[in-house]
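These are my notebook entries on a structure that I had not examined before. I set down in turn what I looked up.

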Amino acid sequence: MNADDFGLTSGVNRAILELNAAGLVTSTTLMARAAATEEAIEAAHSAPRLGVGCHVVLVDGEPVLPVEKIPTLIEGFTDRFPASMSVFLMRLFTGGIRAAEIEAEAGAQIALLQSRGVRLTHIDAHKHTHMFPAVLRPVLRAARAAGIRAVRNPFEPAWAVRATAGAAWGASHR
């Protein structure tokens, strides 16, 4: 099982590491620029049984590249990605986001983690934005260029959907 958001907070990091030690989580995806990324990178080096992928962030986070290189990905004057998924999707579906900028930012996030010695096993995207072909294609190009050949399927298997039928998924689910 994969756990997203490695690096988001110290608490998330601890939970992932404890679940990995218990044999319940075998892989995780690491955010390149988050509050506890440095701690997660150090932990990844000391957890040899934990597969680590890049959790490409394009929503609700900070970019790796300078904002002038990715202006269509940035929200207003914040120097951050849009905080809202609906804002991101509106811009994506109306052609307001350039695929080349997605590819460049995804490549920069991957390169940052690899430069820190993290052997990336796969990729996915924060809030599953890679389920949209306009995001998936440039993210896959960036991953392929970096030697990453696996992507996490953003769709849950039917058994998991049945097992969680009626669950109260709060706004903070992902």
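The entries below go from the overall layout to single residues.

**Entry 1. Ground rules.** I am working with a predicted model, in which local features need pLDDT of at least 70, side-chain atom pairs count only at pLDDT 80 or more, and totals for chains, interfaces and linings use all residues. Residues are numbered from 1 along each chain as its sequence is written, and side-chain values use heavy atoms, with hydrogens and water left out.

**Entry 2. Overall layout.** I looked up the secondary structure and found six helices and four strands. I take helices (H or I, at least four residues) and strands (E, at least two) as DSSP runs, numbered from the N terminus. From the N terminus on, I read the elements as β-α-β-α-β-α-α-β-α-α. I then looked up burial, where buried means under 20% relative accessible area, exposed over 50%, and partly exposed in between (1.4 Å probe, protein chains only). Of the 174 residues, 43% count as buried. For contacts, I use heavy atoms within 4.5 Å. Among contacts with a separation of 6 or more, residues 24 or more positions apart account for 69%.

**Entry 3. The sheet.** I asked in which order the four strands of the open sheet stand. The order is 1-2-3-4, with parallel pairing; two strands pair if DSSP finds at least two bridges between them. Strand 1 and strand 4 (120-125) are at the edges with a single partner strand each, so one side of each has no neighbour in the sheet. From one strand to the next, the twist averages 30°. For angles, I note that axes are lines fitted to C-alpha atoms, for helices over the stretch in contact, and that angles run from 0 to 180 degrees between N-to-C directions.

I went through the pairs one by one. Strand 1 and strand 2 run parallel and are joined by three bridges, and Asn2 stands opposite Ser27 in strand 2. The chain passes from strand 1 through helix 1 to strand 2 in a right-handed β-α-β crossover. I call a crossover right-handed if, with the strands pointing away from the viewer, the path from the first strand over the helix to the second runs clockwise. Strand 2 is joined to strand 3 by four bridges, again in parallel, with Thr29 opposite Gly53 in strand 3. Strand 2, helix 2 and strand 3 also form a right-handed β-α-β unit. Four bridges link strand 3 to strand 4, which run parallel, and Cys54 has Ile123 in strand 4 as its bridge partner.

**Entry 4. What covers the strands.** I found both faces of strand 2 covered, with Ser27 and Thr29 buried on one side and Thr28 and Leu30 buried on the other. In strand 4, five of the six residues are buried, so this strand is largely enclosed by the rest of the structure. Helix 1 lies across strand 1 and strand 2 and runs at about 155° to strand 1.

**Entry 5. Helix 2.** In helix 2 (residues 37-45), I found Thr37, Ala40, Ile41, Ala43 and Ala44 buried. Seen down the helix axis, these buried residues fall within an arc of 165°, so they line one face of helix 2; the arc is that of the directions from the helix axis to the C-beta atoms. I recorded what they pack against: strand 1 (2-6), helix 1 (10-21), strand 2 (27-30), strand 3 (51-56) and helix 4 (99-115).

**Entry 6. Thr28.** I looked closer at Thr28, whose place is in strand 2. Thr28 is buried, with a relative accessible area of 0%. Not counting residues up to four places away in sequence, Thr28 touches Asn2, Ala3, Phe6, Ile16, Leu50, Gly51, Val52, Gly53 and His122.

**Entry 7. Aromatic rings.** I applied a rule under which rings of Phe, Tyr and Trp (its six-membered ring) pair if their centres lie within 6.5 Å; planes under 30 degrees apart count as stacked, over 60 as edge-to-face and the rest as tilted. The count comes to one aromatic pair. The ring centres of Phe93 and Phe132 are 5.4 Å apart and their planes lie at 80°, so I entered the pair as edge-to-face. Phe93 lies in helix 3 (residues 85-93) and Phe132 in the loop between strand 4 and helix 5 (133-145), so the pair ties together parts that are 39 residues apart in sequence. Phe93 is exposed, at 56% relative accessible area, whereas Phe132 counts as buried, at 17%.
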